[in-house]
Structures are given as C-alpha cells and as structure tokens.
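Thanks for asking me to look this one over. Here are my notes, point by point, with the model itself placed first so that you can follow along.

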Amino acid sequence: SFPAYLASLMESEDVQVGGETGVTTISFGASGTSGYSVNGVSWPGWDHEGEGKYVEEFCLDKTYQMNLGRVSGSQNPDGPVLSTAYHPYHQHINHFQVYESQDNTGEVVRKGEWRDVAPAWGTVMRFRPARYTGDVVLHCHLLQHEDNGMMSLMKVSACGEKKG
C-alpha cells in the first residue's frame, strides 16, 4: 500500500487546473537564450530574482492538475496536449499521478500511476504538495537539455503565506 500522502487523486473533485498564477501547461522547447527552455524561458540561474524565476507557484495541501507538453496545435485544450518533441519531465520532491496520457498502449505510462518522471507530451498530471515548502526543481531528464537551460523552479508555499 501507498503512504497517506500518495492517496489516489484520480477521483478528486477539489482539483485546481493550473497553478496559483494561472499557468496550466509546462512545456519544454527549443527556445530561449541557450536553445532550451521551460515555457519559453531558459534557466536563469540559482541567484536570479524576479520574473522568470518560477514557472509556477503552488500551495500546500491543494490538488493541482497540469498539462505536460505543448498546447500549440491541440484540438482539445482541456484534454491531453499534443507535442512532437520527446522530453522526459522530471519533478523533484512531490510525486505526481498520471491522470491522462496519449500513450494508449500503457507501455510508457499508465493512467493512475505515481511517477516523478513522465513523457512531457500528452500527459496530464495531478499532484498535491504535502510537506515541503520552498523551491522545487523541474527539468528535462535528458542531461544535455537540462544543462543547456531546460530547467526551472516551482515555488511551494503554505496557503496564505506571502509569495515572492
């Protein structure tokens, strides 16, 4: 059995689509200053303060749903997003549950599976930050892409705590 903090989120009704500032999709791409980016921004560095430091912000004890992949060309913006690029998404600290996937074979990911790495194309994930507050790293799990800017931070705070 799973620990309590990994209780299934598949049937959760109290789910916020997107984070606290409204971002609904985390996209890896070939843009930005170094050629690799997360949501169009290359990794600005650990000491960066200001716009672009966080891809999104989340609160403890809330359930979130995020799309992994590009939304451009998607016929169904509320369902799995479509992407032609292969990038494995990796999120530190908080595991996520695969809510939807374009992988209909179940060979790569399966609906309902708990992960910390999943394809960043056509995957919809749900997660609930439960214990840790602070900066959380997310990145492409291909080392060359991560090292060249396909990395970012998300911020997890206690609800009501001043953000920024």
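1. Let me start with a single residue. N94 is buried, with a relative accessible area of 7%. Its place in the chain is the loop between β7 (88-91) and β8. Setting aside neighbours within four places in sequence, N94 is in contact with F127, R128, P129, A130, V136 and V156. Please keep in mind throughout that this is a predicted model.

2. Another residue of that loop deserves a look at its backbone. I93 also lies between β7 and β8, and its phi is positive, about 70 degrees, although I93 is not a glycine. For background, most residues other than glycine have a negative phi. D61 is a further case, with a positive phi of about 60 degrees although it is not a glycine. D61 is found in the loop between β5 and β6 and, at 48% relative accessibility, counts as partly exposed.

3. Now for the overall layout. The protein chain has one helix and 13 strands. Read from the N terminus, twelve strands come before the helix, and a strand follows it. Of the 164 residues, 46% are buried. The chain exposes about 8,500 Å², with carbon and sulfur atoms supplying 48% of that area. Among contacts between residues at least 6 apart in sequence, 69% join residues at least 24 apart.

4. Which strands make up the open sheet, and in what order? Five strands form it, in the order β5-β13-β12-β7-β10, and the pairing is mixed. β5 (54-59) and β10 (117-119) stand at the edges with a single partner strand each, so one side of each is left without a neighbour in the sheet. Neighbouring strands of this sheet are turned against each other by 25 degrees on average, direction ignored.

5. The two pairings of β13 illustrate that mixture. With β5, strand β13 (residues 151-157) pairs in the parallel sense over five bridges. Here Y54 has L153 as its bridge partner, and E57 stands opposite K155. With β12, β13 pairs in the antiparallel sense over six bridges. On this side, K155 is the bridge partner of D135.

6. Is β13 enclosed or open to the outside? Seven of its seven residues are buried, so β13 is largely enclosed by the rest of the structure. Both of its faces are covered: M151, L153, K155 and S157 are buried on one side, and S152, M154 and V156 are buried on the other. Note that K155 is in the buried set and is also the residue opposite E57.

7. V156 takes us back to the opening point. This residue is found in strand β13 and counts as buried at 1% relative accessibility. Apart from neighbours within four places in sequence, V156 is in contact with F58, L60, N94, P129, Y132, T133, G134 and V136. P129 and V136 are also among the contacts of N94. The C-alpha atoms of V156 and E20 are separated by 10.0 Å, with their positions 136 residues apart along the chain.

8. Which residues have the most contacts inside the largest nonpolar core? They are I26, F28, Y89, M125, F127, L138 and M154, in a core of 24 residues. At least two core residues come from each of β5, β6 (63-68), β8 (96-101), β11 (123-127), β12 (134-140) and β13.

9. Y89 is a good residue to click on next. Not counting residues up to four places away in sequence, Y89 touches I26, F28, L68, F96, D116, V117, A118, A120, M125, L138, H139 and M154. Among these, I26, F28, M125, L138 and M154 are also named with Y89 for having the most contacts inside the core.

10. Finally, the aromatic rings. The count comes to six aromatic pairs. One of them joins W43 and W46 edge-to-face, at 4.9 Å centre to centre and with 75 degrees between the planes. W46 counts as exposed, at 53% relative accessibility. F28, Y89 and F96 form one aromatic cluster, and both F28 and F96 appear in the contact list of Y89.

Note on methods. Residues numbered from 1 in each chain as written. Predicted model: local features only at pLDDT ≥ 70, side-chain atom pairs only at ≥ 80, totals over all residues. Heavy atoms only, no water. Helix = DSSP H or I, 4+ residues; strand = E, 2+ residues; numbered from the N terminus. Buried < 20%, exposed > 50% of the residue type's maximum accessible area, 1.4 Å probe, protein only. Contact = heavy atoms within 4.5 Å. Areas by Shrake-Rupley, 256 points an atom, 1.4 Å probe, with all protein chains shown as cover. Pairing = 2+ DSSP bridges. Axes fitted to C-alpha atoms, helices over the stretch in contact; angles between N-to-C directions. Core = buried A, V, L, I, M, F, W, Y, C linked by side-chain atoms within 4.5 Å. Phe/Tyr/Trp six-rings, centres within 6.5 Å; stacked < 30°, edge-to-face > 60°.
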